Amino acid sequence: MRRRRIAGALDKFLSYQSYALLDDGQTNIKLKKFAEGADLHVEVGSGRGGFLCQMAQLYPDKKFVGIELKEELLISAVEKAAVAELDNLIFVRGYAENFQKWFEEIAIQTLYLNFVDPWPRRRNARKRLTHSNYLKLYKSRMKRNAELIFKTDNRYLYLFSIVELAKFFKVVSSTHNLYAVGDPANVATEYEKRYVAQGKNIYRIICNNEE
Ligand code: SAH
């Protein structure tokens with residue numbers, strides 16, 4: 001997502017106290033408290049947070065966490081959560097590299113990877129959020145039989161990701177054209193809405209964490 005630096009963005013994000021977490025010594029403790037007593041759903045690379053806000057409204061009995069490194073985008077996310085008065089959604093500002101530390105002793109029910117950066121050059125493959133190095137981190141904090149749901153508009157990222165995902169998870173379903181197949185439970189993300197409007201195919205892979 002294009003980055004437009006905004007002065008004071010981090011402070012603004014943090015001013016939404018009940019929705020904003022930083023990557024610091026308290027992250028794990030705070031997430032543990034937040035996650036208590038409900039199924040936990042996590043989106044890595046949550047952007048402007050539209051997907052999670054809608055999910056949190058649709059599923060008030062579940063809890064949702066967004067991981068995002070850009071505070072400029074996180075401002076939109078926490079604003080949306082506040083307007084909707086959600087109490088089951090929180091955002092962490094930080095790099096997915098620190099995933100294991102944040103989610104120590106927390107068991108995730110569903111993990112979402114929506115329209116992550118494709119990093120088309122081969123030498124950047126390790127930066128893709130579906131690279132084995134990242135999948136290993138996510139898997140270590142997922143429940144047995146937890147789901148991982150991946151969506152993209154990018155054919156090359158899809159082909160790369162299905163191979164990577166199959167190393168760690170059972171691939172339950174995959175489609176090259178989600179909107180042709182149709183899924184009434186699908187919630188469109190901000191990127192997804194834009195790509196669908198442009199007539200692009202949406203690819204989706206659903207995985208199960210078998211053991
Ligand atoms: N899921 C949203 C945004 C997709 S863009 C949507 O579908 O609309 C991908 C997002 O991942 C960007 O906002 C980017 O800042 C974030 N991102 C990229 N690398 C990351 C990392 N290592 N840790 C956390 N977030 C990351």
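In the predicted model, Phe 103 is in contact with Asn 28, Leu 31, Leu 40, Val 42, Val 65, Ile 67, Ile 108 and Arg 141, when neighbours within four places in sequence are left aside. One of these partners, Val 65, lies in strand 3, which spans residues 63-68. The relative accessible area of Val 65 is 0%, so this residue is counted as buried. Beyond residues up to four places away in sequence, Val 65 touches Leu 31, Phe 34, Leu 40, His 41, Val 42, Glu 43, Leu 52, Ile 90, Val 92 and Phe 103. By contrast, Val 65 and Arg 121 stand 30 Å apart, C-alpha to C-alpha, with a separation of 56 residues in sequence.

In soluble globular proteins, nonpolar side chains tend to be buried together. The largest nonpolar core of the model comprises 39 residues, of which Val 42, Val 44, Val 65, Phe 103, Leu 113, Tyr 138 and Leu 148 touch the most other members. The element that gives the most to this core is helix 7 (residues 155-168), with 5 residues. A second core, separate from it, has 22 residues, among them Ala 9, Ala 77, Phe 91 and Val 187.

Two further helices illustrate how buried residues are covered. In helix 3 (residues 50-58), the buried residues are Gly 50, Phe 51, Leu 52, Cys 53, Met 55 and Ala 56. These residues pack against strand 2 (40-44), strand 3, helix 4 (71-83), strand 4 (89-93), strand 5 (108-114) and helix 9.

In helix 9 itself (residues 190-197), Tyr 191, Glu 192 and Tyr 195 are buried. Viewed down the helix axis, the buried residues of helix 9 fall within an arc of 95° and therefore line one face of the helix. An α-helix has 3.6 residues a turn, so residues three or four places apart point the same way. The cover over the buried residues of helix 9 includes strand 6 (142-152) and helix 8 (178-181). At the start of helix 9, a side-chain oxygen of Thr 189 comes to within 3.4 Å of the backbone nitrogen of Tyr 191. After the helix comes Gly 199, with a positive phi near 80°.

Thr 189 also belongs to the surroundings of the ligand: of the 19 residues around the ligand, Glu 43, Gly 45, Glu 68, Ala 96 and Thr 189 come nearest. A ligand nitrogen is 2.9 Å from an N or O atom in the side chain of Glu 43, while a ligand oxygen is 2.6 Å from an N or O atom in the side chain of Glu 68. A polar backbone atom of Asn 114 is 3.0 Å from a nitrogen atom of the ligand. Of the 580 Å² of accessible area that the ligand has on its own, the protein covers 96%.

Technical notes
Residues are numbered from 1 along each chain as its sequence is written. This is a predicted model: local features need pLDDT of at least 70, side-chain atom pairs count only at pLDDT 80 or more; totals for chains, interfaces and linings use all residues. Side-chain values use heavy atoms; hydrogens and water are left out. Helices (H or I, at least four residues) and strands (E, at least two) are DSSP runs, numbered from the N terminus. Buried means under 20% relative accessible area, exposed over 50%, partly exposed in between (1.4 Å probe, protein chains only). Contact means heavy atoms within 4.5 Å. The arc is that of the directions from the helix axis to the C-beta atoms. A polar contact is a pair of N or O atoms within 3.5 Å; within protein, one must be able to donate a hydrogen and the other to accept it, and residues adjacent in sequence count only if both atoms are side-chain atoms. A nonpolar core is a set of buried Ala, Val, Leu, Ile, Met, Phe, Trp, Tyr and Cys residues joined through side-chain atoms within 4.5 Å. A residue is near a molecule or strand if one of its heavy atoms lies within 4 Å of it. Accessible areas come from the Shrake-Rupley method with a 1.4 Å probe; for residues, only the protein chains shown count as cover.
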